Each structure stands twice: as structure tokens, then as C-alpha cells.
Amino acid sequence: MKQTLTNLQQLMKSQSIEYAWITTPDNINYFSGFLSDPHERLTALYVTQDNAALIVPNMEVEDAHNASNITTYGYSDTEDAFLIAKLNIHFPDNAMLYIEEEHVTVKREKALINTFKASELVSIDQIIKDMRNIKTADEINILKQAAEYADQALQIGVDNLKVGVTEKEVAQALEAEILKIEGISGMSFSTTVLFGDHAASPHGTPGNRQLQNDEYVLFDLGVIYNGYCSDITRTIQFGNPPTFHQEIHAIVTEANNRAIQGVKPGVKVSDIDALARDYITEKGYGEAFPHRLGHGLGITVHEFPDISSANEDTLKPGMCFTIEPGIYLHGEIGVRVEDDILVTEDGYEVLTGFRK
């Protein structure tokens, strides 16, 4: 049994939570080690204070049990998955059931009430977010390696830069090479490679734009290594871009560094956002920084917490997140600089190391 599942059961005991029904694929993976894409089919992890069971489509029973070593019950496409679950697990009528309300649809909520006869459905979302927010030593080691591979992937991209190459060609070459490494199951998201003025779109898509001399190239990428994601952005100088563009790059880099240097336990998340945002505003580009400073990082590339001006939570050791300020000037240039940050007992550790 995974330590994360044991930790959840201990927490359930301490908070007098008797029954939990977990259905988000990433959270099922987090607690059991089994990851699948069930599409429209139900996959659920049922947890009590002393036991656990998986409910999965018949075609995934063997994989689920091998991955998790948890008792697994299957159902066919013509069977009622909720009825099969009710027949195999112990859930007394009129009991309270904790669910992921951010994931359970209205249809499935009705099925839980009608089939399980639950007296009340209560959210367990924040409890799980808080657990995933603080990484274990094993998770931290994997995240560090994932970040190192992100650095390697970025270097592959830089090595493929030449006049006339297209954004798509660089992105494809980068992914093809890095995915050869054992343990890397995929990219954290579709790799972004944007040349010059194309980078002014924060979430632009690589296309057939050809690289020219004396412009910047924005890379945004990450890899999934042993189930954990990395995420890095660098805006790389190709040739000798205009002085104005270099000034924009220097401002964003300084904003990134200022925010990182403010990271330590006890500091408000909103204060970290302000360190970068206030500096960019001071330089006259506040309106050109339209997104939050960053996001949590773990088994998904965007997870709790939100690193923004709206988050008044304080930093704690074991948290891992990105810091990625940017300036985007339409038709001119876009610059973003992003690092993966771990909060330590007395400060921070930068997991991504590629030159800025």
C-alpha cells in the first residue's frame, strides 16, 4: 500500500471521516499507483479508515491490481458500475460519504445517493489538495530529476535552432529526442516553441514561422518522469536582438529572480506574486503581464496551490511550484522566464538550472 494512502487513512481517523469515494484519475494514481484514462467509464477508489478498494472497468482489473495491490472489482460495459460497487464494498445505508465535488457530475451524484443510500455527500477536495501540496522525500527526488530532464530537453531545442527552421520542427525534434530516455512517459504538455513576435501570445502554438537572425525564441516545456511533471520556460537570444528586446528580457529575468529570492516558509503566496508584479509595473509594463505568477507542480503540471495575488496562504516546506513572470507586447516580442521551486525548511531550492 502506498504511503500516501496510509497517510489519508490516518487523517480520516483523526477527522472522524469513515468513507471516501475518490474518482479523479490523478488522485486515484496518487493514492494507489494506478493511472488510467477511463473516458466515460467510472473508475473509483473507495477508502475507509482501515481498507481500500478499486472499482474499474473489467478490461483494467488486472492492470489496476498489479499497479496498486489493492482489492479490485470490475464491471462490464452493460452493468451498472455503482450497483457493482455497492454489492462488493461495505457502505452502510444513511452514512456520510466524502467525495470530490469538483469532479463528480450531477448524474453520478444522483447515482451515489440512489444506489449507496448516502445520507450526505461532503467534499474531500481541500483535504486532498492539502495532502498533495506538501511533497514527500520520494516525490521531491523525482521532481528534481524531472526538472533536470526539462533542462536537457531545453538544450536539445536550443541545439536545433538555425536560420530557416520552423517552430514546429524544433518542437518535434526536441520531443522525439527527450522521449527516448527511460522513465519519461511523455511531455507535461504540448511543447511550446515561438519565434520573435509570435511569442507575444502567452499560449501560442508552434507553427510554420521560420527562425530569423537576431530575435528571441521562447521555449515552454516539461517532461513527465516516473509520474511527476516538470515545467520550464526560457526566452533564448538567437543572434543579437534589438536593444529594446534585450531590455524587456532583462526586466522579466530580474522579476523572476526577485520572486524566487523571496521564497521561504511563512511568506504569503500573494507577497511572492507582488515581488515580480510590482517590479514589472514599476518598469512600465504591468498591463503586459496578464497572468498569475505560477502554479503548483506535482503529478499534474498545474495543481494546487495557485501562485497569485489572490492567494493569502503561506508557504510551507515541501511545497513545489513554478515562478514564471512575463511581458507580452503584441506584434513585437514576448518574454517569459520560468523555474520550478521547492520550499525548504529555511528558504528555497531552484530545481531547474538552465541558463537565463
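This passage looks at a helix pair and a small group of strands with the helices that pack on them, as seen in a predicted model.

A good place to begin is the meeting of helix 2 (residues 25–32) with helix 6 (residues 125–133). The axes of these two helices come within 12 Å and cross at roughly 55°. Angles from 65 to 115 degrees would count as roughly perpendicular and those under 35 degrees as roughly parallel, so helix 2 and helix 6 are oblique to each other. The crossing is left-handed. On the helix 2 side, the contact is made by D26, N27, Y30 and F31, while helix 6 contributes I128, M131 and R132. Sorted by class, the residues at this contact comprise four nonpolar, two charged and one polar.

Attention now turns to the strands. An open sheet is formed by three strands in the order 8-9-12, with antiparallel pairing. Strand 8 (192–195) and strand 12 (232–238) are the edge strands, each pairing on one side only. On average, and with direction ignored, neighbouring strands of the sheet are turned by 15° against each other. Between strand 9 (residues 215–221) and strand 12, which run antiparallel, there are seven bridges. To follow the pairing by eye, V217 can be traced to its bridge partner in strand 12, I236.

Helices also pack against these strands. Helix 7 (residues 137–159) packs on the sheet and touches strand 9 and strand 12, its direction making about 145° with that of strand 9. Helix 8 (residues 167–178), in turn, lies across strand 8 and strand 9 and runs at about 150° to strand 8.

Technical notes. Residues are numbered from 1 along each chain as its sequence is written. This is a predicted model: local features need pLDDT of at least 70, side-chain atom pairs count only at pLDDT 80 or more; totals for chains, interfaces and linings use all residues. Side-chain values use heavy atoms; hydrogens and water are left out. Axes are lines fitted to C-alpha atoms, for helices over the stretch in contact, and angles run from 0 to 180 degrees between N-to-C directions. Helices (H or I, at least four residues) and strands (E, at least two) are DSSP runs, numbered from the N terminus. Angles under 35 degrees count as roughly parallel, over 145 as roughly antiparallel, 65 to 115 as roughly perpendicular and the rest as oblique. A crossing is left-handed if the near helix is turned anticlockwise from the far one by less than a right angle, and right-handed if clockwise. Contact means heavy atoms within 4.5 Å. Ala, Val, Leu, Ile, Met, Phe, Trp, Tyr, Cys and Pro count as nonpolar, Asp, Glu, Lys and Arg as charged, and the others, Gly among them, as polar. Two strands pair if DSSP finds at least two bridges between them.
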